[in-house]
Amino acid sequence: MLRAFWLVALLGAGCATTGEGDPRDPLEPMNRAIYRFNEVADEWVAIPVASAYRNVLHVEIRDRVRNFFANLADPWIGINNVLQGKFFEGFEDGMRFVFNSTLGLFGLHDVASDMGIEKHDEDFGQTLGRWGLPDGPYIVLPILSSSSVRDTVGWGVDVFTGDPVGYFRPIAVRNSAYALRLVNRRSELLDASRILEQAALDKYVFQRDAYLQRRRNLIYDGHPPREPREPEEPPEKEPAKEPAKEPAKEPAKAQ
């Protein structure tokens with residue numbers, strides 16, 4: 001249903017532009033409409049559920065839930081590191097999964113981090129960006145929020161190929177795992193969303209710029225190249241002033 005809604009909205013606003021708006025966001029009118037929809041859904045559904053979840057479950061339990069799903073993500077993170085040519089990081093991701101799945105009791109405990117094996121954050125959208133595919137227009141997806149054309153393609157590959165939760169069976173277990181992961185993530189962002197409410201004059205612009213900057217940093221592992229500056233237009237030359245004319249001299253009077 002959400003996928004169909006996004007496609008209809010995209011087709012309906014495919015030619016919409018914002019005139020002098022941000023060139024990275026040519027679909028801003030459509031994006032703002034979806035952003036408002038997401039805010040209503042977040043306020044009436046996601047925040048109450050996440051708040052109740054955080055109030056009921058102790059932080060230690062919530063941490064174990066986060067560790068479990070983070071461990072499941074490590075093999076796909078490792079594959080993306082290898083696809084980006086970062087073979088040692090890919091090896092680290094594989095070792096994290098082995099140690100956490102065994103010594104860490106199916107990933108409930110992050111023993112790999114205690115052993116000094118770094119946790120990475122890679123996905124297929126970053127892999128595409130690493131190989132030179134540009135972001136494309138910024139878009140806001142229903143429920144899923146900020147994205148870009150490239151990252152939406154990458155997200156589809158992540159979900160339908162690289163996410164082990166998608167292979168859970170029976171279907172009821174899979175859907176319950178999806179819901180638990182989503183609620184746990186939203187509970188971790190409750191404080192951040194309150195800060196956003198207080199700090200941003202235009203939350204849409206703030207979130208868009210923060211997302212695009214973060215994705216750029218992730219693609220280049222925190223060391224993005226400098227963006228080329230737009231050439232400054234030379235100042236307009238003032239028209240040359242005509243030399244002042246000397247007053248005409250009266251003809252000399254005959255004596």
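The following conversation looks at how some features of this predicted model earn their names.

Student: Why is Met95 called partly exposed?

Tutor: Met95, which has its place in helix α4 (residues 87-102), has a relative accessibility of 24%, and because buried means under 20% and exposed means over 50%, with partly exposed in between, Met95 counts as partly exposed.

Student: What is the distance in space between Met95 and Ile117, and how far apart are they in sequence?

Tutor: From C-alpha to C-alpha they are 8.1 Å apart, while in sequence 22 residues separate Met95 and Ile117.

Student: Asp93 also lies in helix α4; how do you know that Asp93 has no salt bridge?

Tutor: A salt bridge needs a side-chain nitrogen of Lys or Arg within 4 Å of a carboxyl oxygen of Asp or Glu, whereas the nearest side chain of opposite charge to the buried Asp93, that of Arg96, is 5.4 Å away, and therefore the pair does not meet the cut-off.

Student: What makes the pairs of Asp93 with Asn81 and with His120 polar contacts?

Tutor: The side chain of Asp93 is 2.7 Å from that of Asn81 and 2.8 Å from that of His120, and because a polar contact is a pair of N or O atoms within 3.5 Å, the distance to Asn81 and the distance to His120 each satisfy that limit.

Student: How do you know that the length of helix α3 (residues 59-83) agrees with what is expected?

Tutor: With 25 residues at 1.5 Å a residue, helix α3 should span 36 Å, and because its end C-alpha atoms are 35 Å apart, the two values agree. Along α3 there is nevertheless a kink of about 35 degrees at Asp74, shortly before the proline Pro75, and the helix is followed by Gly85, whose phi is positive, near 85 degrees.

Student: What makes the reach of helix α8 (residues 171-188) close to the expected one?

Tutor: From first C-alpha to last, the 18 residues of helix α8 reach 26 Å, and the value expected at 1.5 Å a residue is 26 Å. The buried residues of this helix are Ala177, Arg181, Asn184, Arg186 and Ser187.

Student: Why is the group that includes Leu27, Ile34 and Tyr138 called a nonpolar core?

Tutor: The name applies because such a core is a set of buried residues of listed kinds, Leu, Ile and Tyr among them, joined through side-chain atoms within 4.5 Å, and this group of eleven residues is the largest one. The elements α2 (28-56), β1 (138-141) and α10 (203-219) each supply at least two of its residues, and β1 gives the most, with four. Apart from this core lies another, of six residues, including Tyr53, Val65, Phe69 and Val165.

Key: Residues numbered from 1 in each chain as written. Predicted model: local features only at pLDDT ≥ 70, side-chain atom pairs only at ≥ 80, totals over all residues. Heavy atoms only, no water. Buried < 20%, exposed > 50% of the residue type's maximum accessible area, 1.4 Å probe, protein only. Expected span 1.5 Å × (residues − 1). Bend = angle between axes of the 7 residues up to and from the residue. Lys, Arg positive; Asp, Glu negative; His and termini not counted. Polar contact = N/O pair within 3.5 Å; in protein donor to acceptor, adjacent residues only side chain to side chain.
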